[in-house]
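Subject: Handover of the structure, with notes on what was found

Dear colleague,

I am passing on the structure we spoke about, together with my notes on it. Please look through the sequence and the coordinates before reading further.

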Amino acid sequence: MPKKKPFSAGRVPLILFLCQIVSALDVPLDPKLLDDLVQPPTITQQSPKDYIIDPRENIVIQCEAKGKPPPSFSWTRNGTHFDIDKDPLVTMKPGSGTLVINIMSDGKAETYEGIYQCTARNERGAAISNNIVVRPSRSPLWTKERLEPITLRNGQSLVLPCRPPVGLPPAIIFWMDNSFQRLPQSERVSQGLNGDLYFSNVLPEDTREDYICYARFNHTQTIQQKQPISLKVISAKPSKERPPTFLTPEGNESLKEELRGNVLSLECIAEGLPTPIIYWIKEDGTLPVNRTFYRNFKKTLQITQVSEADSGNYQCIAKNTLGAVHHTISVTVKAAPYWIVAPQNLVLSPGENGTLICRANGNPKPRIGWLTNGVPIEIAPDDPSRKIDGDTIIFSNVQERSSAVYQCNASNEYGYLLANAFVNVLAEPPRILTSANTLYQVIANRPALLDCAFFGSPRPTIEWFKGTRGSALHEDIYVLHDNGTLEIPVAQKDSTGTYTCVARNKLGMAKNEVHLEIKDPTRIIKQPEYAVVQRGSKVSFECKVKHDHTLIPTIMWLKDNGELPNDERFSIDKDHLVVTDVSDDDGGTYTCAANTTLDRVSASAVLRVVAPPPTPAPIYDVPNPPFDLELTNQLDKSVQLTWTPGDDNNSPITKFIIEYEDAMREAGIWHHQAEVSGTQTTAQLKLSPYVNYSFRVMAENSIGRSVPSEASEQYLTKAAEPDQNPTAVEGLGTEPDNLVITWKPLNGFESNGPGLQYKVSWRQKDGDDEWTSVVVANVSKYIVSGTPTFVPYLIKVQSLNDVGFAPEPAAVMGHSGEDLPMVAPGNVRVNVVNSTLAEVHWDPVPLKSVRGHLQGYRIYYWKAQGSSKRNRRHIEKKILTFQGSKTHGMLPGLQPYSHYTLNVRVVNGKGEGPASTDRGFHTPEGVPSAPSSLKIVNPTLDSLTLEWDPPSHPNGILTEYTLKYQPINSTHELGPLVDLKIPANKTRWTLKNLNFSTRYKFYFYAQTSVGSGSQITEEAITTVDEAGILPPDVGAGKAMASRQVDIATQGWFIGLMCAVALLILILLIVCFIRRNKGGKYPVKEKEDAHADPEIQPMKEDDGTFGEYSDAEDHKPLKKGSRTPSDRTVKKEDSDGSLADYGEGVNGQFNEDGSFIGQYSGRREKEQAEGNESSEAPSPVNAMNSFV
């Protein structure tokens, strides 16, 4: 049996009661399920062990616990019983153990200092809290002292002491001047961990009279100040340069002790001239990666989460140009107790066995002590069922009296740990806590986890079943977790169904059913692509998503893993993100993320922005901003703004733009207010009530707009009642018994005053009921419950604020929630139009049965599968939706010669109604698809054998095959076309009496009684003789061969070569004679000027020999690739290939449909070059063989 996997709570969205092992079973306190179960107390919340309180506030010492029956609480203080009834200032919260000490009315915090401990007790035992040490915080004043001024020579070292008063908790130290500005620090001047200010060497600029040390006590939010220290640095000849020495720590060695888990801070500060630099090393190892940090200009080394492995010798080195000094700090890491195994609660049934384990570690090793119900176990009542063995208590044959709460205390000199764990002896039949009929939805090929949270004592065994009569599920495919969860590691479509969880123990049995649905994963089928664009241009990213039809994805675009900039240049249109006027800041990574309720996918692309070509610098510039803004004539709803224009920079100002800011609601956001002519410097502005206005002005000329002016003074207008009501008021139910009223709220400016609210009113449209009204806060939705299904309502939403109501709003009509339709369409008829199209008719359903807005009718139709196909995959159903009240529709794209089944359902806003009775129909035969393949094998001198596979879609009963073929001569012209009929049951045919060494082109297609299907073409060559060898220019896969001729032994070739040699010799003699006659005549220039085009070197583009068998021609001719120039192929053949491929054909066609492509161009070239043939040996081919 495979090992059971541990349960991961993070993988399931439900809160589970984790029943990991029998020693960790807890009693859930759900009152609806387990009212009759008892449980010992458990401390759930308590104050910290070291509890520092604010003496200015009441003292609250927390102690919360759960248990059945609810526990009672008591306290001890400094080891003795604390009688809260005798102290009028002390109360205990009802139903809780939390103490509240009312020192605000009368009392002092110091009176209640001490060590407190809480006990929670019920009939099953007693749990205790930690010892809570309560101490009031202290922030004492600095003692008065007289500080003498300090005078030093340039370059000397200095330490300014802070010595803050001892507070609780310790103060935070910092140095500032009289203006409360922090003093600058550097490698030369820095603050130590003790708060002192260290100068490695002083400079004249260090002279000041206000070096002040401050101590901040965070608990009481107070700051204490030391008397200012005066420092004067004499700007005389600087001190002599010197090597470093340490200001702190002293000597060559020091010791440091730190507790495990804390931050280890080591400090070395040195003086010297020039200023020393500090380095750190660990003598017996390396500094830990990812936990080592340098602070205070590397003068402080910090190691976080320190452990015993960090003990050792650390060395700090101070260096300057005159030398170095070392200091070794010996670090010892001690440890307060920490858990190895903390005791866990036990739920046992009578007669069972169990153990409590309390295992802790520390440095030094902690001592383990046990208590029962808060009493040391040594003096507690004896229990024969338990036995103590060091850090373990062993229970055997427990009875109900064995129930108790045990405490484990692990302590050493650095602290202690206290844990409560109860032993609860119960006899209970199984109970399943997971809700019945829970629906789980999971993405295909992902794990599915079905919950079965349970309780029982003895611990129940869990079994899972699938379906109503299925057998128990075993761990060969499934994983059964200890907490009852069933895991399907890789859920498939066939995992869908109902699963039953059965829990059994000796006292009974319980079961529960849950349901599982498997959804298709969301996929991005078109991802955004990397783009490089120029600044100022436009870019578009595409992201197409495919998803399960029952899940609605949300598409979100991100930039650099954050939200898109709030900029109108960014727009999203369906599957595209478009960015216009691209700037440098737009560069980055753009991510398309598609989210459903079950999964998330994303794809990213990088946008790189480059600079456009440089443009000349402008001669003119935008205006300078206006200034001296002033507000006058300040009224409730208007004000006059005056300003002074700035320089227009040689381009007249055409207009001024005025903007406003509401400092009360949207500080920092500016809105358009008004525009005035460029000749005006004053504007009367209309204002809204209850807005804290500021204004600014911008100037604009033909070059552009200036930067904004400085903001004007603020002006707050008075509040008034709202002028308008919310817009977009709608009433639409989301459930059959509710009405959801929504509206677009007023914005801050439209509220006109504080306390914006809405009065929502409604009543049935066709009834005589009075209006029902409710006033709601500043929201945008209100839900009316308990309404009848799909009833029209009149709705009004009126705005109001603290001043008054807006005008009475107009009523709008809405509807309460829809429910699923009740009736299926009847009298479904099918009329088959042709082999791929059918028309469906149905009778409409009564409108009352729709119970909602009629959205249309939906046809589900599917093709019947054969028994073998049905076993391999599910039947794929197709859906067509017809909007409105249509009672007929067309089904296109059907497969000929097939049986289909369909049903019709009515659709409203809630969903689909029941399906009509299934109706079947047959489609007639159609033309077949092209044969699946065509191969030519076994070429001989006069025969070729064709082999083929039948069409993948016969679309009927095949009646015969048609084979047409014709020869292709050496000039690529096609010969006469032969037409041959072949029986439908054949897949092989041999053609005889063919011409030897001849290329043939074949056209092959199948036929049904309806007509001919698409054709497939191929080419092949008969051989020269039986021992033919493939020529080197024939591509792989060609069924052709020819005999290789050694032209070097042919007489005509030898003669040709001799003639060429003789011609070259004659040309050389003529050139030599002409050169001698001409003396210094520039022959080369003459030749260049009158070059004979016949002897110009041929370019690679246009001088190559036009052979038929080039690299591309080795491939078989496909449909549309070449068409004979003599137009012997019928036009309908070419047209048929166009129809098959639709938009995929890009070539040009003659009037008769022949393709203007490689044949025509190649033929012209070959005629110009001598009509050489690639099949027969020739001098040209022979010359090519030498190249």
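The notes below go from the whole chain to the cores, the salt bridges, the annotated segment and two single residues.

Please keep in mind throughout that this is a predicted model. The chain has 1187 residues, of which 42% are buried, and its secondary structure comprises eight helices and 84 strands. If one takes the contacts with a separation of 6 or more, 65% of them join residues that are 24 or more positions apart. The exposed area of the chain comes to about 64,000 Å², and carbon and sulfur atoms supply 52% of that area.

In soluble globular proteins, nonpolar side chains tend to be buried together. In this model the largest nonpolar core has 31 residues, and the ones with the most contacts inside it are Ile61, Trp75, Ile101, Tyr112 and Tyr116. Several strands give two or more residues to this core, among them S2 (50-53), S3 (59-61), S5 (72-77) and S11 (132-136), while the largest share, three residues, comes from S9. Leaving aside residues up to four places away in sequence, tyrosine 112 touches Ile59, Arg77, Asp87, Leu89, Val90, Ile101, Ile103 and Val134. A second core, separate from this one, has 21 residues, including Val442, Ala448, Leu450 and Tyr478.

Turning to charged side chains, the count of salt bridges comes to 37, and three pairs may serve as examples.

In one of them, the side chains of arginine 208 and aspartate 210 meet with an N to O distance of 2.9 Å. Arginine 208 has a relative accessibility of 28% and counts as partly exposed, whereas aspartate 210, with a relative accessible area of 13%, is buried.

Another salt bridge joins aspartate 586 and arginine 569, with 2.8 Å from N to O. Aspartate 586 sits in the loop between strand S54 (576-579) and strand S55 (588-595), and arginine 569 sits in the loop between strand S52 (562-563) and strand S53 (570-573), so this pair ties together parts that are 17 residues apart in sequence. Both aspartate 586 and arginine 569 are buried.

A further salt bridge is formed by the side chains of lysine 796 and glutamate 808, again described by an N to O distance, here 2.8 Å. Lysine 796 belongs to strand S69 (residues 792-800) and glutamate 808 to the loop between S69 and strand S70 (812-815), so the parts tied together by this pair are 12 residues apart in sequence. Lysine 796 counts as buried because its relative accessibility is 15%, under the 20% limit, while glutamate 808 counts as exposed because its relative accessibility is 55%, over the 50% limit. Beyond such pairs, Lys655, Glu675, Glu700 and Arg705 are linked in a network of salt bridges.

Which residues does the UniProt annotation "transmembrane region" cover? According to that record, which is an unreviewed entry, the annotation covers residues 1052-1073. In the model, the chain over residues 1052-1073 is 100% helix and 0% strand, and the C-alpha atoms at its ends are 32 Å apart. A nonpolar surface patch of about 650 Å² is made by Leu1062, Leu1065, Ile1066, Ile1069, Val1070, Phe1072 and Ile1073. Isoleucine 1073, one of these patch residues, is found in helix H4 (residues 1051-1078) and is partly exposed, with a relative accessible area of 43%.

Finally, here are two single residues that I looked at separately. Threonine 461 is in strand S42 (residues 461-466) and, at 52% relative accessibility, counts as exposed. Its C-alpha atom is separated by 9.3 Å from that of aspartate 482, which is 21 residues apart from threonine 461 along the chain. Not counting residues up to four places away in sequence, threonine 461 touches Val502, Ala503 and Arg504.

Serine 712, by contrast, is buried, with a relative accessible area of 10%, and its place is in the loop between strand S62 (692-700) and strand S63 (715-716). With residues up to four places away in sequence again left out, serine 712 touches Leu629, Leu631, Ser694 and Phe695.

With best regards

Note on methods
Residues are numbered from 1 along each chain as its sequence is written. This is a predicted model: local features need pLDDT of at least 70, side-chain atom pairs count only at pLDDT 80 or more; totals for chains, interfaces and linings use all residues. Side-chain values use heavy atoms; hydrogens and water are left out. UniProt positions are given in the numbering used here, feature names are shortened, and annotations may be inferred rather than shown by experiment. Helices (H or I, at least four residues) and strands (E, at least two) are DSSP runs, numbered from the N terminus. Patches are made of residues with over 30% relative accessible area and no salt bridge: like charges are joined within 9 Å, nonpolar side chains (Val, Leu, Ile, Met, Phe, Trp, Tyr) within 5 Å. Accessible areas come from the Shrake-Rupley method with a 1.4 Å probe; for residues, only the protein chains shown count as cover. A salt bridge is a side-chain nitrogen of Lys or Arg within 4 Å of a carboxyl oxygen of Asp or Glu. Buried means under 20% relative accessible area, exposed over 50%, partly exposed in between (1.4 Å probe, protein chains only). A nonpolar core is a set of buried Ala, Val, Leu, Ile, Met, Phe, Trp, Tyr and Cys residues joined through side-chain atoms within 4.5 Å. Contact means heavy atoms within 4.5 Å.
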